[in-house]
Amino acid sequence: MILPQAIDVVAMPEYFSPSQIGGMDFCLLRAILASTEVKVPHLLLHPAAELGTVFHRLLEMSIRGQLPVSEGVAEQVVRGALESLLTEATDRLREDVAKCHYADLAGTVTPLEWRRRVRTVVDTAIRMARFQALPAPAPRGSLHYPDLPGTGPWTEVGIQVPKLRLKGRMDVVERSGKKVVVRDLKTGRVTDDEGEILPLIISQMTLYGIMLASFDHGGISLVVDSAEEIHIPFCPAKIRKAEAEWDEFLGKIPLKGAECRAEKIAKVAEDCPKCSNRHVCRAYLAAAPKKWAETPEYRIPYDTWGTVLKVLRNGPDNSAVILEDAAGRLVKVTGLRDSNVAGVEAGQMIWLFNLNTSDRSAFRNGKWHHPVNFHEIPEGLVDRRAWNLDVYRKG
Ligand code: SF4
């Protein structure tokens, strides 16, 4: 594929989505590009995201009373529904030339990890089925928060608050009189290595909280529903602090429709590994090679680009490329599938995004070192494959 043109100018959207904002100190360009009002090319999705969509759909079905769960057959019913959703996803992915290599989603993680993830989502779906006893929710995506018809649990509730320039969709809203509970269904990781809830999730939930606080409420509870319920503290003092921070942010950004130089609003930092627009972000493409040669305190994405010195075609789906990267280092990428090296020759400029590495010393002494050895398909069973590697050439 040819590397798309980098984005030079973006128009400021009217609204930002809490689920696309990575904390109060986020990259504004990323938040704008993630807005549904802006259409830009994205890097390939990781299979974990596809799996997350399947799991999320299962939980929605459970909450919405679409799984006939009853005593003694709950496990069987939920597993049957999950099987059908996975089959649908596999059929869809097989049709997609860019994603067909990970159509078997179970094969993208270890058997142990697969059993753990399935166990967690099945248990959560069974737990969620309690909502079936309450009033039937409206058709998917048709509800808006101010129009909720009274007490009850509701799913997929849209909310927008013009004065905060925030718009989003809440997974589950439980209303009881003036009290409201918002539940966010998470099927991926929600805590860090110390067991603390990820700051990104706290920020997202807090933004939903301040949106709700602009309506008249007696109490707001924010709950992350994963393998267990996690309550995000949200008291009046936290509301005031979050509102002040968000106000400060809004005070700095231009009005809807204003054109901004992309490079001026990009922030090359912690958000970049999660960003699917790196290949079209001029600021990232310019800054990353300097960071490869430094040792920042945050992880730089496992991307590389430079001039190809040699292509080694060692067998089917087992090629290697040696290149001089844009920081002048000698870099080797192994285990490349044939489709990713088709037409690649010495002397060409290539860009590889979302690689993986077996280098165990990438993080040492509290700093990140950008590796010089990467892979797509690893040699051993221990290392993870780069399932969503994207390779581009110069146009
Ligand atoms: S690559 Fe980094 S700097 Fe560029 S938009 Fe994404 S998060 Fe922002």
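Q: Which residue is the bridge partner of R183 in strand 6?
A: The structure is a predicted model. In it, the bridge partner of R183 in strand 6 is V223.

Q: How do strand 5 and strand 6 pair, and over how many bridges?
A: Strand 5 and strand 6 pair in the parallel sense, over seven bridges.

Q: What do strand 5, helix 5 and strand 6 make?
A: Strand 5, helix 5 and strand 6 make a β-α-β unit, and this unit is right-handed.

Q: What is the strand order in the open sheet with strands 2 to 7?
A: The order is 2-3-4-5-6-7, which gives six strands with mixed pairing.

Q: Which strands stand at the edges there?
A: The edges are strand 2 (143–144) and strand 7 (229–232). Each has a single partner strand, so one side of each is left without a neighbour in the sheet.

Q: Where does helix 5 pack, and which strands does it touch?
A: Helix 5 (residues 199–213) packs on the sheet, where it touches strand 3, strand 4 (166–176), strand 5 (179–185), strand 6 (219–225) and strand 7. The direction of helix 5 makes about 150° with that of strand 6.

Q: Going along the sheet, how do strand 2 and strand 3 pair?
A: Strand 2 pairs with strand 3 (residues 152–161) in the parallel sense over two bridges. H144 has G158 in strand 3 as its bridge partner.

Q: And strand 3 with strand 4: parallel or antiparallel?
A: Strand 3 and strand 4 are antiparallel, with nine bridges. Within strand 4, M170 is the residue opposite V157. The hairpin of these two strands has four residues between the strands, and R165 takes a positive phi near 55° there.

Q: What about the hairpin of strand 4 and strand 5; how many residues are between the strands?
A: That hairpin has two residues between the strands, and G177 takes a positive phi near 60°. Strand 4 and strand 5 run antiparallel and are joined by five bridges. R175 stands opposite V180, which is in strand 5.

Q: How many bridges join strand 6 to strand 7?
A: Four bridges join strand 6 to strand 7, and the two run antiparallel. One of the pairs is V224 with its bridge partner I230 in strand 7.

Q: What holds strands together in a sheet, generally?
A: Strands of a sheet pair through backbone hydrogen bonds, in either a parallel or an antiparallel manner.

Q: Back to helix 5: at what angle does it pack with helix 6?
A: Helix 5 packs with helix 6 (residues 236–252) at an angle of about 100°, and their axes are 10 Å apart. That makes helix 5 roughly perpendicular to helix 6.

Q: Which residues meet there?
A: From helix 5, T206, G209, I210 and A213 meet I239, A242, E243 and W246 of helix 6. By class, this contact has five nonpolar, two polar and one charged residues.

Q: New topic: what is the order of the sheet that has strand 15 in it?
A: The order is 15-11-10-9-12-16, an open sheet of six strands with mixed pairing. Strand 15 (373–375) and strand 16 (390–393) are the edge strands, each pairing on one side only. On average, neighbouring strands of this sheet are turned by 35° against each other, direction ignored.

Q: How do strand 9 and strand 10 pair?
A: Strand 9 (residues 304–313) and strand 10 (residues 319–325) pair in the antiparallel sense over seven bridges. T307 has E324 in strand 10 as its bridge partner.

Q: Last one: which residues come nearest to the ligand?
A: Of the 14 residues around the ligand, C27, C272, C275, C281 and Y284 come nearest. Helix 1 (28–34) and helix 8 (282–293) are the elements that give two or more residues to this shell. By class, the shell has nine nonpolar, one polar and four charged residues.

Technical notes: Residues numbered from 1 in each chain as written. Predicted model: local features only at pLDDT ≥ 70, side-chain atom pairs only at ≥ 80, totals over all residues. Near = placed C-beta within 6 Å. Nonpolar A, V, L, I, M, F, W, Y, C, P; charged D, E, K, R; others polar. Pairing = 2+ DSSP bridges. Contact = placed C-beta atoms within 7 Å. Axes fitted to C-alpha atoms, helices over the stretch in contact; angles between N-to-C directions. Right-handed = clockwise from strand over helix to strand, strands pointing away. Parallel < 35°, antiparallel > 145°, perpendicular 65-115°, else oblique.
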